Amino acid sequence: MAPGSRGELSSFRSRRGPGVPSPQPDVTMLSRLLKEHQAKQNERKELQEKRRREAITAATCLTEALVDHLNVGVAQAYMNQRKLDHEVKTLQVQAAQFAKQTGQWIGMVENFNQALKGFLVW
């Protein structure tokens, strides 16, 4: 008989004695092993997802802390720039007033010199 034919299968079955278990418990064992494997896989997936969420949360917190730290420096630089702009404007106004006052003083000195020359010529 050729291997795998019905006659071989029936002879295999007939060789099984009273102490040989039927294939049903093997199927039950495989089914149980498969369920355990799937349960472990699900646990691993849940753990991996939990760790992924924790990593995202930690990365978000780190990013926010870095941005806050940088923003403090940027805010300080902005305030310093505003103060400098205000000081520059004040200095420009004062320089313009000083130039005007200096022009007036120069005019007064020239008038005084002219008056002295006229007084001395007499």
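What follows is a walk through the fold, surface and salt bridges of this predicted model.

Confidence first. The protein averages a pLDDT of 85, with 80% of its residues at 70 or more. The weak spot worth flagging is residues 4-14, where the pLDDT is below 50. That stretch still makes four contacts in the model beyond its near neighbours in sequence.

As for the fold, the secondary structure boils down to two helices and zero strands. Helix H2 covers residues 24-121. The UniProt record, an unreviewed entry, puts a "coiled-coil region" at residues 30-57. In the model, that segment is 100% helix and 0% strand, and its end C-alpha atoms sit 40 Å apart.

Burial is quickly dealt with: of the 122 residues, 0% count as buried. The accessible surface adds up to about 11,600 Å², and carbon and sulfur atoms account for 63% of that. Towards the end of helix H2's numbering there is also a nonpolar surface patch, made up of Phe 112, Leu 116, Phe 119 and Leu 120. Together these four residues expose about 490 Å² of accessible area. One of them, Leu 116, belongs to helix H2 and has a relative accessibility of 36%, so Leu 116 counts as partly exposed.

On the charged side, the tally is three salt bridges. One pairs Glu 36 with Arg 32, with the closest N and O atoms 2.9 Å apart. Both residues sit in helix H2, four residues apart, or about one turn of the helix. Neither end is buried: Glu 36 is partly exposed because its relative accessibility is 35%, and Arg 32 falls in that class at 44%.

The other two bridges centre on Glu 49. Its contact with Arg 52 brings the closest N and O atoms to 2.5 Å. Glu 49 and Arg 52 are three residues apart in helix H2, so about one helical turn separates them. The bridge from Glu 49 to Arg 53 has its closest N and O atoms at 3.7 Å, inside the 4 Å cut-off for a salt bridge. Here the spacing is four residues, again about one turn of helix H2. Through the shared partner, Glu 49, Arg 52 and Arg 53 join into one network. The members of this trio are partly exposed: Glu 49 has a relative accessibility of 30%, Arg 52 comes in at 43%, and Arg 53 has a relative accessible area of 45%.

Notes. Residues are numbered from 1 along each chain as its sequence is written. This is a predicted model: local features need pLDDT of at least 70, side-chain atom pairs count only at pLDDT 80 or more; totals for chains, interfaces and linings use all residues. Side-chain values use heavy atoms; hydrogens and water are left out. UniProt positions are given in the numbering used here, feature names are shortened, and annotations may be inferred rather than shown by experiment. pLDDT is the predictor's confidence in each residue, from 0 to 100. Contact means heavy atoms within 4.5 Å. Buried means under 20% relative accessible area, exposed over 50%, partly exposed in between (1.4 Å probe, protein chains only). Accessible areas come from the Shrake-Rupley method with a 1.4 Å probe; for residues, only the protein chains shown count as cover. Patches are made of residues with over 30% relative accessible area and no salt bridge: like charges are joined within 9 Å, nonpolar side chains (Val, Leu, Ile, Met, Phe, Trp, Tyr) within 5 Å. A salt bridge is a side-chain nitrogen of Lys or Arg within 4 Å of a carboxyl oxygen of Asp or Glu.
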